[in-house]
Amino acid sequence: MPEPIIIGTVALDFIETPFGKVENALGGSACYASIAASFFSKPGIMSIIGKDFPNEHIEFLKSRQINIDGITTGEKTFKWQGFYEFDMNEAKTLKTELNSLESYSVAVPESYKDAKYVFLANIDPEQQLKVINTLNNPELIVMDTMNFWIDIKKEQLLETIKKAHILILNDGEARQLFGTPNLVKAARMALKLVSKAVIIKKGEHGALLFTDSKHFNAPGYPLENIKDPTGCGDCFGGAFTGFLTKTNDVSEENMRKAVIYGSVVASLNAEGFSIENLKKINIKDIEKRYNEFKELRDF
Ligand code: AMP
């Protein structure tokens, strides 16, 4: 059985950063998350593409042992256009073309229904909720979202969050969703909705893991060579959930390790455009950077 199972977008991205640009590049939250998870486990994805979606991308996902039984085909692929200025922590969206995502209703394959580990990557919260309600006995539901859905579907989003175990947000989204400038207060409010933990990502400045009784502060990796941070959040969530799936251990101690693996894969992703660098790296590169992260905090 594929695990973790992941719902999210499969997209064609148009990205511009101060260091270059790409058009029609493979992107989307489910793609980044599943590629990141595939370094640890054998994920399966649920999403929709269009007839215009290049087959080579499907072949690439399959070559990574990502199960694609949950991908359906509509008319036109979801497209996202964004850019970054020198502050690369925040993507500015120029255009979101939902296309077939607009009428998408997720169909969870039979072979996914017994999955214990689930990552609800960034997509319409109503579809995230449908996945939760279709599964037989999920043990760990990790959930991500973004400002787009907070703006237009806040109520549905809060309903879905209440059924998740771990919520992942970036700092701006946490402030927006909980209406407070203070991240500790936002985390406390989030912990009233989810049962296990809240992770607040702070872009290049690291990530905070909050549980009811503890707080872990993961450092940011001092990257000198950022090209394109697109997908870093999805890589974080995918690697985090992939590592927990592999180790089958959701203790606070192991979640700390998972946060570091999430940060490692995200930082490696930012060193190339689109999924370029994810295609090149392997588990040895990941372990090497994981050890560098340990040294960053040794005092
Ligand atoms: P991240 O940089 O981790 O926030 O994710 C970037 C990816 O999210 C890009 O590849 C986009 O295709 C995808 N994306 C952009 N807007 C949305 C949206 N509203 N819902 C889901 N995915 C999106």
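Helices and strands are taken here as DSSP runs, with at least four residues for a helix and at least two for a strand, and are numbered from the N terminus. The model is a predicted one. In these terms, α9 (252–269) and α11 (283–296) each contribute at least two residues to the lining of the second largest pocket. The residues that line this pocket are Phe216, Pro219, Arg256, Lys257, Ile260, Tyr290, Phe293, Lys294 and Arg297. Sorted by class, the lining comprises five nonpolar and four charged residues, with no polar residue. The space in the second largest pocket amounts to about 210 Å³.

Overall, the secondary structure of the protein consists of eleven helices and 13 strands. The radius of gyration is 17 Å, close to the 19 Å that the globule rule gives for 299 residues, so the protein is as compact as a globular protein of that length. Along the principal axes, the C-alpha atoms fill a box of roughly 55 × 45 × 35 Å.

Strands of a sheet pair through backbone hydrogen bonds, in either a parallel or an antiparallel sense. One open sheet in the model is formed by nine strands, in the order β5-β4-β1-β8-β9-β10-β11-β12-β13, and its pairing is mixed. Its edges are β5 (67–74) and β13 (215–218), each of which pairs on one side only. From one strand to the next, the twist of this sheet averages 15 degrees. Within the sheet, strand β1 (residues 5–7) runs parallel to strand β4 (residues 44–50), and three bridges join the two. Opposite isoleucine 6 stands isoleucine 45 of β4.

Two helices are described against this nine-stranded sheet. Helix α2 (residues 55–63) packs on the sheet and touches β4 and β5. The direction of α2 makes about 160 degrees with that of β5. Helix α3 (residues 125–134) also packs on the sheet, where it touches β1, β4, β8 (117–120) and β9 (140–144). The angle between the direction of α3 and that of β8 is about 170 degrees. Strand β4 is thus among the strands touched by α2, and β4 is likewise among those touched by α3.

Another open sheet is built from four strands in the order β3-β2-β6-β7, again with mixed pairing. The edge positions are held by β3 (20–27) and β7 (92–97), each pairing on one side only. The twist in this four-stranded sheet averages 15 degrees from one strand to the next. Strand β2 (residues 11–17) pairs with β3 in the antiparallel sense, over six bridges. Glutamate 16 has lysine 21, in β3, as its bridge partner.

Some backbone features lie outside the strands. The peptide bond from glutamate 3 to proline 4 is cis, with omega near 0 degrees. Proline 4 belongs to the segment before β1. In the loop between α2 and β5 lies glutamine 65, which has a positive phi of about 60 degrees although it is not a glycine. Asparagine 99, found in the loop between β7 and β8, has a positive phi of about 50 degrees and is not a glycine either.

Definitions and conventions. Residues are numbered from 1 along each chain as its sequence is written. This is a predicted model: local features need pLDDT of at least 70, side-chain atom pairs count only at pLDDT 80 or more; totals for chains, interfaces and linings use all residues. Side-chain values use heavy atoms; hydrogens and water are left out. On a 1 Å grid over the protein atoms alone, a cavity is a set of points where a 1.4 Å probe fits but cannot get out, and a pocket is an open set with protein on both sides within 12 Å along at least five of seven lines; lining residues have an atom within 4 Å of a point. Grid points are joined across faces, edges and corners, and a volume is the space filled by probe spheres set on the points. Ala, Val, Leu, Ile, Met, Phe, Trp, Tyr, Cys and Pro count as nonpolar, Asp, Glu, Lys and Arg as charged, and the others, Gly among them, as polar. Two strands pair if DSSP finds at least two bridges between them. Axes are lines fitted to C-alpha atoms, for helices over the stretch in contact, and angles run from 0 to 180 degrees between N-to-C directions. Contact means heavy atoms within 4.5 Å. The radius of gyration is taken over C-alpha atoms; the globule rule is 2.2 Å times the number of residues to the power 0.38.
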